[in-house]
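Hello,

Here is the structure I said I would pass on. My notes on it follow below.

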Amino acid sequence: MKNTTARNNYLKYIAIALVIVFLVSAALFLLALWENRQGKFPETGNEDGVIEYNGKEYVPRDNIETFLVLGLDKYDGQDSSDSHESGVQADFLMLFVFNNETKQATAIHINRDTITKVNKLAIGGTAVVESYMRQIALAYNYVDDDNDKIRCRNTKDSVEYLLNGIKVDHYLSLTMDAVSASCDLVGGVEVTVLDDFTGIDDTLVKGETVNLTGEQALRYVRSRYGLEDSTNTNRMKRQQQYLNALYDKTVSLIEADNEFILKLVDTMDEYVVYDSSDKKMQKYAEKFKEYEFLGIKEIDGEAKRGEEFMEFYSNEESIKKLVVELFYIPKASDNK
């Protein structure tokens, strides 16, 4: 009995570790931009859930689950009249879509600067005080309650608005401090510097290969203001590069030393908040490990400089095409 309990505990650690490794790596990850598509997509379907797209009727897919991952960061200089004084924002948003029928997974990366509907919630999170069109990153901060789960839920609602009402089943958030902690835990991460960081971190010289320490890693994936190209899109390229390297190194350390799993869990636990039980986390760990990963998609759009901050305006056709591809199938009659 004792051996069985020890084994179950160990399997639990492995499951949680796999999720954390994947999510920390995904937390700033990006692949190519999603192509523009054409077609009309109604805001809502009929009573049977049937929608029309490009002249064809579609019905919702069965056995689809979604899991939202948030990377949290603290920003100074926010407008306190519109947001809670904590200043924490969702700097990274990625929605994982699991197709439990085909055993496949796809991720949607959402630009933090995306302008969409953001609710301001009252204390307790049960009442909407007002709604705004704001950067989606601010949804985490638009809550008059110091409750991490309410903040995550408010961000989840904004993601659902953006994706034409697609339901988000579960969420997990982690603070950006996890970047430094995970980097130091693996003994640094090697990258070839993509941008000129003069005046921000003179140890990061463009074109040179360096083994990033935790603090360097955080500056490398977080910085954009003060660089030649200050857009979030350019920053994402560095994030992709860094996190590919972090993921590879972390997995190699786990394979070489089973005890490293325990170190990973102990280190990352304080940075993570999620709405699922440990049992649910184990289930998602198995999916991350076993499902065929089809890659990460991004909503196309245009970045503009607002009065104070960058604003990203989504291409509606890109959203429509993406939603149909991942969440709907052609109605049976259309296949005849």
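How many residues lie between S13 and S14 in the hairpin they form? There are four. This is a predicted model, in which local features need pLDDT of at least 70 and side-chain atom pairs count only at pLDDT 80 or more, while totals for chains, interfaces and linings use all residues. Residues are numbered from 1 along each chain as its sequence is written, and side-chain values use heavy atoms, with hydrogens and water left out.

Helices (H or I, at least four residues) and strands (E, at least two) are DSSP runs, numbered from the N terminus. Two strands pair if DSSP finds at least two bridges between them.

Hairpin. Strand S13 (residues 301–305) pairs with S14 in the antiparallel sense over five bridges, and Gly301 stands opposite Ser314. Along S14 (residues 310–314) the side chains alternate. Met310, Phe312 and Ser314 point to one face and are buried (under 20% relative accessible area, with exposed over 50% and partly exposed in between; 1.4 Å probe, protein chains only). Glu311 and Tyr313 point to the other face and are not buried.

Three-stranded sheet. An open sheet has the order S1-S2-S15, with antiparallel pairing. Its edge strands are S1 (51–53) and S15 (328–330), each pairing on one side only. Strand S2 (residues 56–60) pairs with S15 over three bridges, and Val59 stands opposite Ile329.

Cores. A nonpolar core is a set of buried Ala, Val, Leu, Ile, Met, Phe, Trp, Tyr and Cys residues joined through side-chain atoms within 4.5 Å. The largest has 43 residues, of which Phe96, Phe98, Leu212, Tyr220 and Tyr242 touch the most other members. Helix H6 (residues 259–268) gives the most to this core, with five residues. Apart from it lies another core of 30 residues, among them Ile51, Ile108, Leu163 and Phe327.

Contacts (heavy atoms within 4.5 Å). Not counting residues up to four places away in sequence, Tyr242 touches eight-membered company that includes Val179, Leu212 and Tyr220. In H5, Thr250, Leu253 and Ile254 meet Phe260, Ile261 and Leu264 of H6.

Thr106. This residue is in strand S5 (residues 104–110). Is Thr106 buried or exposed? Thr106 is buried, with a relative accessible area of 5%. Outside the four nearest places in sequence, the residues that Thr106 touches include Leu95, Phe96, Phe293 and Leu326.

Regards
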